[in-house]
Amino acid sequence: MAPTSPPPPTWATLGRATALTLTPHLLPRDHSVISKRALAVTDAQKVTLGVIAAYVVGIAILWNVPYIRWILWPFKMLVIAFHEFGHAITCVLTGGKVKSISLDPREGGVTHMQGGRSGLTLPAGYLGSSLIGALLTFAGFNINASKVASIVIGVAFLMTVWWGRRDWLTVGTVVAAVGLLVGCWFIRGAEALRFVVLFIGVMSSLYSVWDICDDLILRKVNSSDASVFAKRYGGSSQCWGVIWSVISLCFMAAGIVAGIAAFPQSAEQQREDAQKFIPTRF
């Protein structure tokens with residue numbers, strides 16, 4: 001009986017053989033290497049994380065020290081605007097109407113609304129500003145992302161002049177802040193812009209934490225968003241304030257993790273990429 005030849009290999013057989021041959025060379029023997037690479041923090045990101053930590057401490061001090069707190073004036077005005085935008089946007093999305101918005105870094109902001117769902121519009125101020133802050137913190141990990149964010153910030157700054165108190169101090173500090181943004185575009189290929197965006201992002205992310213502590217714990221202001229929410233839906237204002245603060249911290253943490261994952265480039269790579277996107281050279 002003549003010997004039978006083996007059947008010709010199929011595509012599936014060839015695919016399995018190829019995979020078995022190449023797999024040891026393509027994949028690391030220690031599978032933990034993959035997870036370590038995903039969690040690795042570059043040198044540029046370590047600097048960014050250090051700056052974030054310094055901002056948290058610095059803003060917390062400036063927020064509460066008399067006279068020195070005026071340094072934060074234009075940025076506090078912007079963050080208050082983000083807070084009121086959160087109220088306004090949520091009101092419109094839930095079928096309401098925004099009558100007016102007023103901003104004052106001394107007394108805070110007020111959004112006069114008609115209709116909408118108060119169960120959503122009330123917490124949307126703190127949570128909205130925290131979400132915007134998380135997005136800005138995310139953008140602060142990269143120069144090009146900061147360029148895009150700075151344009152949005154510049155427009156928001158100018159909007160605060162429209163809705164805010166139009167005294168010489170407010171207008172002057174807002175114009176100075178816009179000038180700072182523009183000037184940073186020309187410092188080391190806009191690298192300085194990244195740290196300004198990061199500063200605003202950190203301040204906006206933690207605005208709810210500092211402001212709720214200031215209103216509910218230190219000053220006991222009864223007209224705060226948390227107090228109104230507690231009167232309408234139960235619970236204590238301190239409880240709702242803590243819950244919103246925890247959510248805000250989660251937003252900020254998510255922005256940091258996303259920034260680490262999305263922007264692993266070194267500082268030199270970022271400067272090179274920045275010259276390909278709206279290049280600025282002084």
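## A predicted helical chain and its C-terminal contacts

Ile278 is found in the segment that follows α12. In this predicted model, the residue makes a convenient starting point for a first tour. With a relative accessible area of 40%, Ile278 is partly exposed, because that value falls between the 20% limit for buried residues and the 50% limit for exposed ones. Leaving out neighbours within four places in sequence, Ile278 is in contact with Lys147 and Trp185. Lys147 and Ile278 stand 131 residues apart along the chain, and yet 8.4 Å separates their C-alpha atoms.

Ile278 also belongs to a nonpolar patch on the surface, together with Val148, Ile151, Val155, Met159 and Phe277. The accessible area of these residues together is about 480 Å². One member of the patch, Val155, sits in helix α6, which covers residues 143-163. Val155 has a relative accessibility of 48% and so counts as partly exposed, since exposed residues must be over 50%.

Thr280 lies in the segment after α12 as well, the helix itself covering residues 267-274. Is Thr280 buried or exposed? Its relative accessible area is 8%, so Thr280 is buried, the limit for that class being under 20%. The side chain of Thr280 reaches the backbone oxygen of Trp185 at a distance of 2.5 Å. Residues up to four places away in sequence aside, Thr280 touches Trp185, Phe186, Gly189, Ala190 and Gln275. Trp185 thus appears among the contacts of Ile278 and among those of Thr280.

The next topic is charge pairing. Three salt bridges are counted in the model, and a network of them links Arg188, Glu191, Glu268 and Arg271. Arg188 and Glu191 meet through their side chains, with an N to O distance of 3.6 Å. These partners differ in their surroundings: Glu191 is buried at a relative accessible area of 10%, whereas Arg188 is exposed at 57%. Glu191 also forms a salt bridge with Arg271, where the closest N and O atoms are 2.9 Å apart. This pair joins distant parts of the chain, for Arg271 belongs to helix α12 and Glu191 to helix α8 (residues 191-205), 80 residues apart.

Which residue meets Arg271 in a salt bridge of 3.0 Å, N to O? The partner is Glu268, again through the side chains. Here both residues lie in helix α12, three residues apart, or about one turn of the helix. Glu268 is partly exposed, its relative accessible area being 42%.

A wider view places these details in the whole chain. The secondary structure consists of twelve helices and two strands. Read from the N terminus, four helices come before the two strands, and helices follow from there on. Of the 282 residues in the protein chain, 42% are buried. Among contacts with a separation of 6 or more, 73% are between residues 24 or more positions apart. The chain exposes about 15,600 Å², and 69% of that area is supplied by carbon and sulfur atoms.

Helix α10, made up of residues 225-233, offers a closer look at burial within one element. Which residues of this helix are buried? They are Asp225, Ala226, Ser227, Phe229 and Ala230. Just after α10 comes Gly234, which takes a positive phi of about 90 degrees.

The database record can be set beside the model. In an unreviewed UniProt entry, residues 47-65, 118-138, 145-163, 169-187, 192-210 and 242-263 are listed under "transmembrane region". How much of residues 47-65 is helix in the model? That span is 95% helix and 0% strand, and its end C-alpha atoms are 27 Å apart. Residues 118-138 are 100% helix and 0% strand, with 29 Å between the end C-alpha atoms.

Definitions and conventions
Residues are numbered from 1 along each chain as its sequence is written. This is a predicted model: local features need pLDDT of at least 70, side-chain atom pairs count only at pLDDT 80 or more; totals for chains, interfaces and linings use all residues. Side-chain values use heavy atoms; hydrogens and water are left out. Buried means under 20% relative accessible area, exposed over 50%, partly exposed in between (1.4 Å probe, protein chains only). A polar contact is a pair of N or O atoms within 3.5 Å; within protein, one must be able to donate a hydrogen and the other to accept it, and residues adjacent in sequence count only if both atoms are side-chain atoms. Contact means heavy atoms within 4.5 Å. UniProt positions are given in the numbering used here, feature names are shortened, and annotations may be inferred rather than shown by experiment. Patches are made of residues with over 30% relative accessible area and no salt bridge: like charges are joined within 9 Å, nonpolar side chains (Val, Leu, Ile, Met, Phe, Trp, Tyr) within 5 Å. Accessible areas come from the Shrake-Rupley method with a 1.4 Å probe; for residues, only the protein chains shown count as cover. A salt bridge is a side-chain nitrogen of Lys or Arg within 4 Å of a carboxyl oxygen of Asp or Glu.
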